[in-house]
Amino acid sequence: MRKRSLEKLEYPRVVERLSGYASTYLGKAKIAELQPIEDKESIRRRLSETGEACRLLAKGGHPPLPSLEGMETLMALLGTGFVMSEQDFGHLAQFARSCEQLRQYMAAKRQDAPAVAGYGAAMHDLKPLREAIEACVDRGRIVDTASGELHKIRKKIRATEEKLQKKLESLMSKHSDSLQERIVSQRNGRYVLPVKRDFRKRVPGVALDESSSGQTVFVEPAELAGPQMELGELRLQESREETQILARLTGEAEGYGHELSVNLEAVGHYDFLFAKAKWGLSIGGTIPELSDDRVIELKEARHPLLPVKPVPLHIRVGDGYRSLLITGPNTGGKTVALKTAGLLVLLAQSGLLVPAAEGSRIGVFRSVEVDIGDGQSLDSSLSTFSSHLRNVKDILDHAGPATLVLLDELATGTDPGEGVGLAIAVLEELHRRGCVVMATTHFNEIKEYARKAEGFRNARMAFDEETLSPLYRLDMGEAGNSYAFVIASKLGIPTAIIERAGTIAGRLKDGRGSERTTIEPEGKRTPQSAGSRGTFRPSASQAERQAKSERAKQELSERWKVGDVVFVPHLRKPGVVFRLPDERGDMIVQVQKEKIKINHKRIRRYIDKKHLYPGEDYDLDIVFETVENRKKRHLMGKRHVDGLTIERPPEL
């Protein structure tokens, strides 16, 4: 799978969330490397393992996974000549002990989860290594019995220390009047007495230090010099023997290098596997059936990354058709349907459960190619249409019979007639190559093509005409519309205008693509038809231009809304749409307090109106009118006031 498609479908976000369920560095590393695979049997095996792990967790099982504390550094140094420390052996003994517990746990689960338990059976027994470590190291310290020589040395050390303590007590009593206080301290590992400076000569010995005030001198009594030298030599012998013991243990650990690597791999896989299971349970996931003919049938499918509880979708592509055209109004969920289908395919091919009902089927694809979103930014001069074309060209370079193609908003950003033609040609080519295609569109010509063409099927996102709200339900086998006239009527556009719009839209639909397109301008009658229903009929070329102009204007009005915030690159400032584009594409934008006329091609979308204002009935005069004029208008609405006027700037 290509990185671009994975990012468009938010696959990295799934990996990030999955990593949060892992507890070891090896488990997290495996999750970071997760990619969809193509081999069907490998996918089935991974899904089956994830399902077994889910069942264990659902029954209350909690596998005793080792923490792997210190193991990453330890394994990196093993075999390099580095002598491991007491702390290292403490981590190694804990790992060996945890591996024993994990093997025992998995052996008990062999009947419930045979595939998952199999990894535990493959782990090596590290008990001999653990026992060797515990015989020498306990709670971070080498024990006396680690070797016979160490036992003898430490016995001598204790005897010498007892002799020194008795000697120190005797000296403190003998020189009590000369001491600053009756306490024994150490300097550089040697015992000293705190002698008052004025009585320094009364205590024979070597001054090793003095206090910051200079009033106390720390003296090593001459009588202690011999025993202290003996103790120092014994300490060196102890250190050498401890090093030999640690070196011997390191050699034993290196002899288990292969076994340690195998067990670490198993622990990392278990962490990875149970992280997948925990995430699968959190999203209510199931194991889909892998279809042999690349049919996608998702029942009650839900996008796992939506911040709110999604409405389940039923999506089906296959069984006599390989291309599905999804229609419906803006914000109706068309794009989410595409992303849901694409992401769930990627999840299944990664061995992850999918948030869909039992009985869902998913095909296995070599690649998933995506054109969702126009990829524009404020610092880019690439138009929406050019961006789509670049993506489509890239898809055509890679698409083949094992490819799932997801195309959002076909034919947008250019002349509708040419855009529709290009979109249908692309769909035909993808179908010819054997691709499975899901695409969204607003254009009736594409819907009609899908209705008639073999291998194509329509579907629509359901819409409540009474409440003007999307239902986020995908109805298969039906083509929807943008509900422009319904929405316009509900929002108070006069009935006469809506009826006229319906007439124009119907005539354009009937005439588009033919040699003659007839539009009946209101109020214009030819002399021959005065008083009759005859009308002015433009020539074919005039009609085509007029139809093209109407289509362009309609598309622009659908793209822009009064109140949208846009960015004007040549001014390097944002503005607010005050008047929608005319037939030439010129619109009026308020930049700060000034209204300017500018072509829609010279601005960039910044923030949609729906994200800025409380509702559709929000009074945009608050944005465009001065406070003074708003007060005047409010007063005029109450009563007539002589001499009160509102001056509006001339039209641009």
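Biologist: In which helix is the place of Met106?

Modeller: This is a predicted model, in which local features need pLDDT of at least 70, side-chain atom pairs count only at pLDDT 80 or more, and totals for chains, interfaces and linings use all residues. Residues are numbered from 1 along each chain as its sequence is written, and side-chain values use heavy atoms, with hydrogens and water left out. Helices (H or I, at least four residues) and strands (E, at least two) are DSSP runs, numbered from the N terminus. The run that holds Met106 spans residues 86-108 and is helix 6.

Biologist: Does Met106 count as buried or exposed?

Modeller: Buried means under 20% relative accessible area, exposed over 50%, and partly exposed in between, with a 1.4 Å probe and protein chains only. Because its relative accessibility is 1%, Met106 counts as buried.

Biologist: Which residues does Met106 touch, not counting residues up to four places away in sequence?

Modeller: Contact means heavy atoms within 4.5 Å. One of the partners is Val116, 10 residues from Met106 along the chain, with 7.8 Å between the two C-alpha atoms. With residues up to four places away left out, Met106 touches Pro63, Val116, Ala117, Gly120, Tyr270 and Phe274.

Biologist: How many disulfides does the count come to?

Modeller: A disulfide is a pair of cysteine sulfur atoms within 2.5 Å. Cys99 is buried because its relative accessible area is 1%, and Cys136 is buried because its value is 4%. By the sulfur rule the number of disulfides is zero.

Biologist: What is the order of the strands in the open sheet of four strands?

Modeller: Two strands pair if DSSP finds at least two bridges between them. The pairing in this open sheet is antiparallel, and its order is 3-4-6-5. The edge strands, each pairing on one side only, are strand 3 (185-187) and strand 5 (205-210). Read across the four strands, the order is 3-4-6-5.

Biologist: Which residue in strand 4 stands opposite Gln186?

Modeller: Strand 3 and strand 4 (residues 190-196) run antiparallel and are joined by three bridges. Opposite Gln186, in strand 4, stands Tyr191.

Biologist: What angle does the direction of helix 9 make with that of strand 4?

Modeller: Axes are lines fitted to C-alpha atoms, for helices over the stretch in contact, and angles run from 0 to 180 degrees between N-to-C directions. Helix 9 (residues 148-174) packs on the sheet and touches strand 4 and strand 6 (216-221). Helix 10 (residues 225-255) also packs on the sheet and touches strand 4 and strand 6, its direction making about 145° with that of strand 4. For helix 9 the angle with strand 4 is about 5°.

Biologist: Are helix 8 and helix 10 roughly parallel or roughly antiparallel to each other?

Modeller: Angles under 35 degrees count as roughly parallel, over 145 as roughly antiparallel, 65 to 115 as roughly perpendicular and the rest as oblique. Helix 8 (residues 127-134) packs against helix 10 at about 170°, with the axes 10 Å apart. Helix 8 and helix 10 are therefore roughly antiparallel.

Biologist: Which residues of helix 8 and helix 10 make the contact?

Modeller: Helix 8 and helix 10 pack with their axes 10 Å apart. The contact is made by Leu129, Ala132 and Ile133 of helix 8 and by Leu249, Glu252 and Ala253 of helix 10.

Biologist: In the open sheet of five strands, which are the edge strands?

Modeller: The five strands have the order 20-19-18-17-21, with antiparallel pairing. Each edge strand pairs on one side only, and the two are strand 20 (594-599) and strand 21 (604-607).

Biologist: In strand 20, which residue is the bridge partner of Gln590?

Modeller: Three bridges pair strand 18 (residues 573-579) with strand 19 (residues 586-591) in the antiparallel sense, and Gln590 in strand 19 is the bridge partner of Val576. Strand 19 and strand 20 also run antiparallel, joined by six bridges. The partner of Gln590 in strand 20 is Lys595.

Biologist: Which residue in strand 14 stands opposite Leu325?

Modeller: Strand 10 (residues 323-327) is mostly covered, with five of its five residues buried. Ser323, Leu325 and Thr327 point one way, and Leu324 and Ile326 the other way. Strand 10 pairs with strand 14 (residues 436-440) in the parallel sense over four bridges. Opposite Leu325 in strand 14 stands Ala439.
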